[in-house]
Amino acid sequence: MHGALYHLGDPGAEARALDDRAYALDHFPAKLFKLSGGFFTAEGKRMAAAREALMRDYVASLRAEIEGE
């Protein structure tokens, strides 16, 4: 999609609006973290919560690497 993985100056979008067309990392809070709220069955909710936890761990790990922690 010709975008960057993350915004160099603000990878977590603390001081800018999310732009998931420009930055892949922005797609997680802009869209992916919202998906689990749309499941209706108990099993669907359980699976969605587990997947969201994996994504949140990935984003936290990537940000720690980016930010030199």
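1. Let me start with the charges: E14, R63 and E67 are joined in a network of salt bridges. For the record, a salt bridge here is a side-chain nitrogen of Lys or Arg within 4 Å of a carboxyl oxygen of Asp or Glu. One link in that network is E67 to R63, whose side chains meet at 3.0 Å, N to O. E67 has a relative accessible area of 37%, so E67 is partly exposed; the cut-offs are under 20% relative accessible area for buried, over 50% for exposed and partly exposed in between, with a 1.4 Å probe and protein chains only.

2. A word on the model before going on. This is a predicted model, where local features need pLDDT of at least 70 and side-chain atom pairs count only at pLDDT 80 or more, while totals for chains, interfaces and linings use all residues. Residues are numbered from 1 along each chain as its sequence is written, and side-chain values use heavy atoms, with hydrogens and water left out.

3. How many salt bridges does the structure hold? The structure holds six. Another of them pairs the side chains of D26 and R16, at 2.7 Å from N to O. Both D26 and R16 sit in the segment before α1, so the bridge ties together parts that are ten residues apart in sequence. D26 is buried, and R16 is buried too.

4. Helix α2 has a salt bridge of its own to look at: R56 to E52, with the closest N and O atoms 2.8 Å apart. R56 and E52 are four residues apart in helix α2, which means about one helical turn separates them. Helices are DSSP runs (H or I, at least four residues), as strands are (E, at least two), numbered from the N terminus. Is R56 buried or partly exposed? R56 counts as partly exposed, because its relative accessibility is 40%. E52 counts as buried, because its relative accessibility is 13%.

5. R56 is worth a second look. The charged end of R56 sits over the ring of F33, 3.9 Å from the ring centre. The criterion for a charge over a ring is NZ of Lys or CZ of Arg within 6 Å of the ring centre and within 35 degrees of the ring normal.

6. E52 also has partners beyond R56. The side chain of E52 makes a polar contact with the side chain of S36 at 2.4 Å. A polar contact is a pair of N or O atoms within 3.5 Å; within protein, one must be able to donate a hydrogen and the other to accept it, and residues adjacent in sequence count only if both atoms are side-chain atoms. Setting aside residues up to four places away in sequence, E52 touches F33 and S36, contact meaning heavy atoms within 4.5 Å.

7. Now the rings. The structure holds two aromatic pairs. Rings of Phe, Tyr and Trp (its six-membered ring) pair if their centres lie within 6.5 Å; planes under 30 degrees apart count as stacked, over 60 as edge-to-face and the rest as tilted. F28 and F33 have ring centres 6.0 Å apart and planes at 50 degrees, so this pair is tilted. F28 and F33 are both buried.

8. The other partner of F28 is Y58, in a tilted pair at 5.9 Å centre to centre with 40 degrees between the planes. Which parts of the chain does this pair link? It links distant parts: F28 in helix α1 (residues 27-30) and Y58 in helix α2 (residues 42-66), 30 residues apart. F28 is at 15% relative accessibility, so F28 counts as buried, whereas Y58 is at 45% and so counts as partly exposed. Ring pairs thus join F28, F33 and Y58 into a cluster.

9. The geometry of α2 checks out. At 1.5 Å a residue, the 25 residues of α2 should span 36 Å, and its end C-alpha atoms are 36 Å apart, which agrees; the expected span is 1.5 Å times one less than the number of residues. G44, A48, E52, V59 and L62 are buried in α2, and the buried residues of α2 pack against α1. Just after α2, G68 has a positive phi of about 75 degrees.

10. Last, L62 in helix α2. At 12% relative accessibility, L62 counts as buried. Leaving out neighbours within four places in sequence, L62 is in contact with L5 and L25. The C-alpha atoms of L62 and P11 are separated by 9.8 Å, the two residues being 51 residues apart along the chain.
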